[in-house]
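Visitor: I should like to study this structure by way of questions. May we begin with how its helices meet?

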Amino acid sequence: MNKTTPSKTHSDYLLNLRKQTMNVRLSQLLIFVLFFGLWQYSSDQKWIDPLLFSSPQKILTLLADKIADGSIFVHIGMTLTETVIGFLLGTLLGTLLAALIWWFPFLSRVLDPYLVILNAMPKVAIGPILIVALGPNLTSIVAMGILISVIITTIVIYTSFKNVEPNYVKVIQSFGGSKYQCFKEVILPACFPAIISALKVNVGLSWVGVIVGEFLVSRQGLGYLIIYGFQVFNFTLVLMSLLIIALLATLMYQLVEVLEKKLIKNRTL
Amino acid sequence: MAFLQLKSVGQTYFSKQTATTALEDITLSVSEGEFVSFLGPSGCGKSTLLSIISGLIQPTNGTVSLRNQRITEPHPKIGYMLQQDYLFPWKTIKDNILVGLKLQGCLNDERISYALSLMSEIGLSDTLDKYPNELSGGMRQRVALVRTLATNPQILLLDEPFSALDYQTKLKLEDLVSTTLREHGKTAVLVTHDIGEAIAMSDRIILFSTKPGRIFRTFPVSGHLRKRLPFEARQHPDYSVMFQQIWEELEQIEQNDTE
């Protein structure tokens with residue numbers, strides 16, 4: 001009797017837990033179906049202008065066509081390459097810059113107001129200058145992707161470098177560890193969670209940078225498709241590109257989460 | 001020749017408004033194998049003094065020397081143990097205890113097996129592949145002791161290493177640390193504000209007064225207490241006598257402060 005009761009309550013608990021998860025999933029599915037269903041229906045009924053808002057069916061047909069003739073992959077490949085390069089370089093450069101500032105406290109005091117200004121400034125506005133300087137090509141688009149993420153990455157990661165528990169550093173110093181050893185053994189590993197969350201923010205930022213870059217110059221890529229669709233008044237094309245971007249950005253975010261699980265298991269920081 | 005020698009050590013801190021003297025004219029020596037405690041109210045600079053001995057801080061005045069060699073930076077023969085364990089949560093227990101050897105560039109088989117033998121001595125061999133958050137506070141502080149001892153220092157600086165633990169764990173750990181240090185013939189300097197702990201563990205107690213931190217009085221601990229383990233020493237009649245004596249001195253320091 002005494003043995004069965006706890007196991008009974010435990011299975012009840014598990015059942016309840018499963019029920020809750022189920023309800024969440026069902027609600028999510030419901031929103032999805034409702035949104036796209038309503039969109040399709042109101043477009044069919046002409047409640048909304050089908051020329052402007054298109055419809056899921058039209059978008060899917062267009063996508064199927066573009067997949068069939070293979071033309072979409074050139075654009076996806078282009079944009080994805082630019083975004084991944086911009087994303088990786090932006091995070092890497094930001095981390096390096098943060099490390100440099102951490103290493104030289106004098107530099108951090110000198111650069112502080114400049115970082116604040118650069119961070120507040122809308123980086124997108126530099127786009128035209130970049131294009132003239134670097135040429136209307138992949139380089140300037142990637143540069144856009146880097147530019148938009150590098151300053152905020154530097155600020156976030158430097159702040160977390162500074163907030164590392166000083167006694168961890170003291171442990172290293174008491175063993176006669178050098179400044180480089182302090183950085184490698186304590187500062188960097190202690191800040192992996194901060195670096196991961198910077199990565200997460202940068203997934204979104206680098207997409208913005210690259211798409212804006214493509215708006216300005218490119219002849220290929222999803223940003224180009226959006227601008228082209230806008231110019232020829234083909235909003236089905238615009239919305240299709242947008243959906244692909246949303247899908248790819250989510251995928252990238254998921255990849256970062258996988259990395260997070262690998263990198264920061266077993267810790268309670 | 002004294003093992004550890006401090007000559008008129010002083011420390012002054014500067015801020016925009018004031019210059020504060022934390023320590024003034026500290027002269028003392030510790031002989032090899034001796035266990036000395038620094039006791040005093042908070043703010044008497046005893047932890048600062050420990051940091052100075054370790055070479056982490058440079059004193060504004062005076063010198064520290066170990067076997068006539070002046071200490072100006074962290075020295076491999078000096079081990080330092082902090083108030084909390086500060087084990088690195090991203091390293092396994094094994095990597096944590098080997099971190100000192102790694103930093104000093106002497107991670108060889110002989111030293112590794114010495115560190116591992118220390119782990120079995122304190123009874124935590126089965127935790128090597130775990131991470132610090134899987135261990136209790138007392139276990140973690142024991143691991144921190146092994147981390148400090150792994151580099152085989154001759155003198156151990158203990159900065160209130162038991163203050164973050166519950167009472168029972170603390171009593172057990174006092175015995176363990178005392179036994180371990182005695183077996184390995186280590187010299188030790190313990191900083192504490194716990195009178196009982198100082199009496200139970202040390203050979204000599206140095207009492208500090210505040211503002212600025214100075215040596216107020218030195219108490220040798222009686223032989224009866226010294227040959228006993230800390231837990232047993234606490235039961236001995238000499239213990240309460242000494243406790244009373246130090247208590248009164250501390251009261252006196254507090255009175256001087258308020259005047």
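Visitor: In which hand does H7(A) pass H10(A)?
Guide: This is a predicted model. In it, the two helices H7(A) and H10(A) cross one another, and the crossing is right-handed.

Visitor: Which classes of residue make up the contact of H7(A) with H10(A), and how many are there of each?
Guide: The residues in this contact of H7(A) with H10(A) fall into three classes: nonpolar, polar and charged. Their numbers are 15 nonpolar, nine polar and one charged.

Visitor: Are H7(A) and H10(A) roughly parallel or roughly antiparallel to each other?
Guide: Two packed helices are described by the angle between their axes and the distance between the axes. Here helix H7 (residues 138-162) and helix H10 (residues 192-216) of chain A have axes 8 Å apart, at an angle of about 155°. An angle over 145 degrees counts as roughly antiparallel. H7(A) and H10(A) are therefore roughly antiparallel.

Visitor: What is the radius of gyration of chain A?
Guide: The C-alpha trace of chain A spans about 80 × 75 × 30 Å along its principal axes. For a compact globule of 269 residues one would expect a radius of gyration near 18 Å, but the value for chain A is 24 Å.

Visitor: How many helices and strands does chain A have?
Guide: Along the sequence, the pattern of chain A is α-α-α-α-α-α-α-α-α-α-α-α. The count for chain A is zero strands and 12 helices.

Visitor: Which feature does UniProt place at residues 4-235 of chain B?
Guide: This span of chain B is 34% helix and 28% strand, and its end C-alpha atoms lie 31 Å apart. The UniProt entry, which is unreviewed, names the feature "domain: ABC transporter".

Methods
Residues are numbered from 1 along each chain as its sequence is written. Chains are lettered from A and ligands numbered from 1 in the order in which they are written. This is a predicted model: local features need pLDDT of at least 70, side-chain atom pairs count only at pLDDT 80 or more; totals for chains, interfaces and linings use all residues. Axes are lines fitted to C-alpha atoms, for helices over the stretch in contact, and angles run from 0 to 180 degrees between N-to-C directions. Helices (H or I, at least four residues) and strands (E, at least two) are DSSP runs, numbered from the N terminus. Angles under 35 degrees count as roughly parallel, over 145 as roughly antiparallel, 65 to 115 as roughly perpendicular and the rest as oblique. A crossing is left-handed if the near helix is turned anticlockwise from the far one by less than a right angle, and right-handed if clockwise. Ala, Val, Leu, Ile, Met, Phe, Trp, Tyr, Cys and Pro count as nonpolar, Asp, Glu, Lys and Arg as charged, and the others, Gly among them, as polar. UniProt positions are given in the numbering used here, feature names are shortened, and annotations may be inferred rather than shown by experiment. The radius of gyration is taken over C-alpha atoms; the globule rule is 2.2 Å times the number of residues to the power 0.38.
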